[in-house]
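User: Hi! Could you walk me through the charged side-chain pairs in this model?

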Amino acid sequence: MISAIVYDAGGVEHYAIDDEADLEAARRAPGTTWVRVSTPTDEEERALTKAFSLHPLELEDVRGGVRPKTEAFDDHAFVLIKTVALERGETTFDEEIRTQPIGLFIGDDWLVTVTAADDYVPVVSDVWQSVENQEGRTLKQGPDFAAYRVIDHAVEDYFDLLDTVGDTIEEIEEAILATPDETLIESLNDVRRDLLSFRKVVWPMREAVGTLARGGIDEIGDSTEKFYRDVYDHLVEIVDLTETYRDLTRGTRDIYLNVVSQSTNEVMKRLTVVATIFIPLTFVVGVYGMNFGEHATNLPELTWPYAYPAVVVGMGLVTAILLVHFRREGWI
């Protein structure tokens with residue numbers, strides 16, 4: 001599906017795109033031409049390639065979902081970015097990171113955005129809608145500024161995703177301190193895996209925007225470079241946050257292992273106390289029970305009526321003394 005608008009400070013004009021001639025007409029129209037493409041067919045790709053002198057490999061990169069990058073061509077710049085979103089997955093972690101590639105082809109007075117999704121991607125459609133509504137200063141700027149707004153919109157979603165991941169890590173940490181459970185460590189591993197996936201997006205994204213911010217692309221005007229530098233600064237911050245959250249997941253995993261180890265030590269301590277108490281009692285009972293012989297005098301209970309109660313009382317005293325000792329030592 002292909003849509004096109006031509007805009008300038010005076011307003012916005014829509015162009016119906018049915019064939020290559022319509023694309024050529026939209027490109028030659030005075031003002032800034034923005035062509036939005038969603039899941040292009042082979043015929044539409046050929047029309048785009050001919051009308052805007054695009055290389056077929058550029059469109060293939062959008063379909064293939066390669067890492068974000070920026071490439072300079074003779075008459076345009078190609079920028080491949082990726083949006084990220086948390087969507088419900090199949091693992092114990094309720095949501096998983098999904099990415100969506102967006103190709104931006106920036107010319108002197110035209111912009112082509114290509115997405116592989118069946119429907120329009122919000123970061124593109126929101127900026128497109130603002131241009132249609134003649135909002136903001138995009139109408140007064142060139143295609144490089146519209147591309148900046150799309151990229152900036154995608155980077156804002158990065159912050160939202162990291163906020164959600166950070167809250168999830170805090171919830172898991174609190175749950176581990178309250179009641180450590182194996183499902184929590186599984187959820188934590190899922191978060192770590194998603195952060196790794198996000199890291200594979202944000203690091204090359206920073207490099208791609210850095211190329212635009214350093215002034216090495218002819219299609220990016222001097223007045224727009226400062227906006228790209230601002231996005232680059234945000235990406236540097238996002239990279240730092242990503243590494244921080246990865247460290248937090250490792251720290252939370254260590255907390256889980258420490259809590260489990262401490263719980264095991266407490267159990268072993270109580271079992272040791274119980275075993276220590278029963279050792280002298282077992283000794284007394286064992287010696288007393290083995291005291292049988294040919295003469296009745298070998299069994300005190302047969303000659304002294306208080307022998308059995310005396311043994312029981314003695315065993316009780318031993319137990320009481322050991323309990324007091326263990327309490328003073330802080331074992332119980």
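User: Is Asp 190 buried or exposed?

Analyst: Happy to help, and do keep in mind that this is a predicted model. The relative accessible area of Asp 190 is 6%. The cut-off for the buried class is under 20%, so Asp 190 is buried.

User: Which residue forms a salt bridge with Asp 190?

Analyst: Look along helix α6 (residues 182-213), where the partner sits three residues from Asp 190, about one turn of the helix. The partner is partly exposed, at 36% relative accessibility. The closest N and O atoms of the pair are 2.9 Å apart, and the residue is Arg 193.

User: How many residues apart in sequence are the parts that Arg 63 and Glu 45 tie together?

Analyst: Good one! Arg 63 forms a salt bridge with Glu 45, with 2.5 Å between the closest N and O atoms. Arg 63 belongs to helix α3 (residues 56-64) and Glu 45 to helix α2 (residues 42-52), so the parts they tie together are 18 residues apart.

User: What is the N to O distance in the salt bridge of Arg 28 and Glu 24?

Analyst: Both residues are in helix α1 (residues 20-28), and because they are four residues apart, about one helical turn separates them. Arg 28 is exposed at 62% relative accessible area, while Glu 24 is partly exposed at 22%. Their side chains meet at 3.7 Å.

User: How many salt bridges are found in the whole structure?

Analyst: Besides such pairs, Asp 61, Lys 69 and Glu 71 are linked in a network of salt bridges. Searching the whole structure gives a total of 10.

Technical notes. Residues are numbered from 1 along each chain as its sequence is written. This is a predicted model: local features need pLDDT of at least 70, side-chain atom pairs count only at pLDDT 80 or more; totals for chains, interfaces and linings use all residues. Side-chain values use heavy atoms; hydrogens and water are left out. A salt bridge is a side-chain nitrogen of Lys or Arg within 4 Å of a carboxyl oxygen of Asp or Glu. Helices (H or I, at least four residues) and strands (E, at least two) are DSSP runs, numbered from the N terminus. Buried means under 20% relative accessible area, exposed over 50%, partly exposed in between (1.4 Å probe, protein chains only).
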